[in-house]
Protein chains: 4
Amino acid sequence: MSNLNRIFLMGNLTRDPELRYTPSNVGVATFGLAVNSNVGKDADGNRKTEVLFVDIIAFGKQAETIAQYCKKGTPLFVEGRLRLRTWEDKDGNKRSKHEVVLNAFQFIGGANNNIKDDIKLPEDDEDVPF
Amino acid sequence: MSNLNRIFLMGNLTRDPELRYTPSNVGVATFGLAVNSNVGKDADGNRKTEVLFVDIIAFGKQAETIAQYCKKGTPLFVEGRLRLRTWEDKDGNKRSKHEVVLNAFQFIGGANNNIKDDIKLPEDDEDVPF
Amino acid sequence: MSNLNRIFLMGNLTRDPELRYTPSNVGVATFGLAVNSNVGKDADGNRKTEVLFVDIIAFGKQAETIAQYCKKGTPLFVEGRLRLRTWEDKDGNKRSKHEVVLNAFQFIGGANNNIKDDIKLPEDDEDVPF
Amino acid sequence: MSNLNRIFLMGNLTRDPELRYTPSNVGVATFGLAVNSNVGKDADGNRKTEVLFVDIIAFGKQAETIAQYCKKGTPLFVEGRLRLRTWEDKDGNKRSKHEVVLNAFQFIGGANNNIKDDIKLPEDDEDVPF
DNA sequence: TTTT
DNA sequence: TTTT
């Protein structure tokens, strides 16, 4: 049975990607992503903000491309699936951690962003619709 | 700055939803979801399978509807955003946990939809958020 | 340059799927999907409703599975990309039409899943594409 | 009955946005979006490419922000729902057209894209996974 | 051309 | 009608 599991994130790397290789020589890159959300207002009408931190794991050529071009701070669009990784720590305790297995990505931002000249991008103040 | 954070899951409840209310009387439902994925084959050509377990949190009328109609095993489609909740445990250690804040949902399910007995599904009256 | 193009639809088949084969014997199924949305209320407070009709095109094993199990009315979850198909009509006029190229699907449906009679749903053996 | 209808697009404006206002003074912006996809290879091993052209319609403050900051060529991320608009043309013929009703958007690209210095972004040669 |  |  295969159910649906799809996640879309746009954020910034929280650290430089680490690239390793499996014994069969497949690249594996891991990095953190920070995703900011506007999340309504509090009782006093002040904008509330929320930051999601997640680890991303990429494989193969995608891992290598990301390791080559991204660093701490790079804005990135990531599509993937959410995974729960489980293991035992040194004391024999069960641990688990959610992470995103990357499926596709896009560099966002580029030399020429093609915004109309002489205007600054607005503060992004759209609330997340949920 | 508001970035993109969207997740789509189709799976089954791992336990009955718990419904609570905030001091201002907003319903809050929490439940677990199990999402199965087929994830290629192993070296011997055997299908590999992966199960994601995540906690889902729903608010307001959606919380109440889910608590009313769903139970352990109910298949459900969930859309939301991934959130990292952080707190301190009793020993003063920082803990954190990923969970999904529900935005929209759909009852699904084939022959056996596993909805609580003897109740009819509601008119679907959630507005599209846009 | 490859940009993002992803669409998620849940609706009902508007007609039985048609299955054809390419010269190289790849299955191609086409069918219509109707997707209903609640879309706010009108001035008088009456719920407004909107129906999207789109054509879906599926290839390969997925085309065959859909043709085998679905018929007019079957509820279906579809993921894919939006495509603009262009051609010339008999008068030499340029015509074009948006349709969805299927990437993944799930059988859904509540009490009545509207699957063709007397057939069991297949083991779901589509691999997650990542 | 409200089904799922969600579309995610990343592309470039094909023309400057047009901004109009409803009688009740709600902004309405329309613009075209071009979305490129890599779509496998042809028989000779040459990369195949596909361009989607769609019209996008935005309302309210979002309409105004887009009209203010975007122009032909601007890269944009768009989330919304697919809609089939139907009307009668001057000859009394039924016409219809798919378009995307915008729900959320992001400017992609910015003054500082934070890519490692002195390297050019790669040719994007990842195939779309479907 | 249209589904529940 | 089309963008990079």
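## A buried arginine in chain D

D:R83 is buried, at a relative accessible area of 18%; buried means under 20% relative accessible area, exposed over 50% and partly exposed in between (1.4 Å probe, protein chains only). The model is predicted: local features need pLDDT of at least 70, side-chain atom pairs count only at pLDDT 80 or more, and totals for chains, interfaces and linings use all residues. Residues are numbered from 1 along each chain as its sequence is written, chains are lettered from A and ligands numbered from 1 in the order in which they are written, and side-chain values use heavy atoms, with hydrogens and water left out.

D:R83 is found in strand β5 of chain D. Helices (H or I, at least four residues) and strands (E, at least two) are DSSP runs, numbered from the N terminus. The side chain of D:R83 makes a polar contact with that of D:E99, at 2.7 Å. A polar contact is a pair of N or O atoms within 3.5 Å; within protein, one must be able to donate a hydrogen and the other to accept it, and residues adjacent in sequence count only if both atoms are side-chain atoms. Beyond its neighbours within four places in sequence, D:R83 is in contact (heavy atoms within 4.5 Å) with residues of two chains, including C:E50, C:L52, D:I57 and D:E99.

## The interface of chains D and C

Chain D gives 33 residues to the contact and chain C gives 31. Together they bury about 3000 Å², of which 53% is on carbon and sulfur atoms; buried area is the accessible area (1.4 Å probe) that two parts lose on being put together, summed over both.

Between these chains there are two salt bridges, a salt bridge being a side-chain nitrogen of Lys or Arg within 4 Å of a carboxyl oxygen of Asp or Glu. D:E50 forms one with C:R81, where the closest N and O atoms are 2.8 Å apart. Another 'count' describes polar contact: 12 residue pairs, both residues at pLDDT 80 or more. On the side of chain D that touches chain C, β1, β3, β4 and β5 (75–88) each give two or more residues. The largest share, eight residues, comes from β1(D).

## Salt bridges in other chains

Over all chains, the whole structure holds 36 salt bridges. B:R81 pairs with A:E50, the closest N and O atoms being 2.7 Å apart. B:R81 lies in strand β5 of chain B and A:E50 in strand β4 of chain A, so this pair joins two chains. B:R81 is buried at 5% relative accessible area, and A:E50 is buried at 15%.

Within chain A, the side chains of A:K97 and A:D55 form a salt bridge (3.0 Å, N to O). A:K97 belongs to strand β6 and A:D55 to strand β4, so the pair ties together parts 42 residues apart in sequence. A:K97 is partly exposed at 26%, as is A:D55 at 23%.

## The surface near DNA strand F

Among the 13 residues around DNA strand F, those that come nearest are D:N12, D:A34, D:N36, D:V51 and D:F53; near means that a heavy atom of the residue lies within 4 Å. A polar side-chain atom of D:N12 lies 3.4 Å from a base oxygen of the strand, and an N or O atom in the side chain of D:N36 is 3.2 Å from a base nitrogen. The elements giving two or more residues to this surface are β1 (5–13), β3 (27–41) and β4 (47–59) of chain D.
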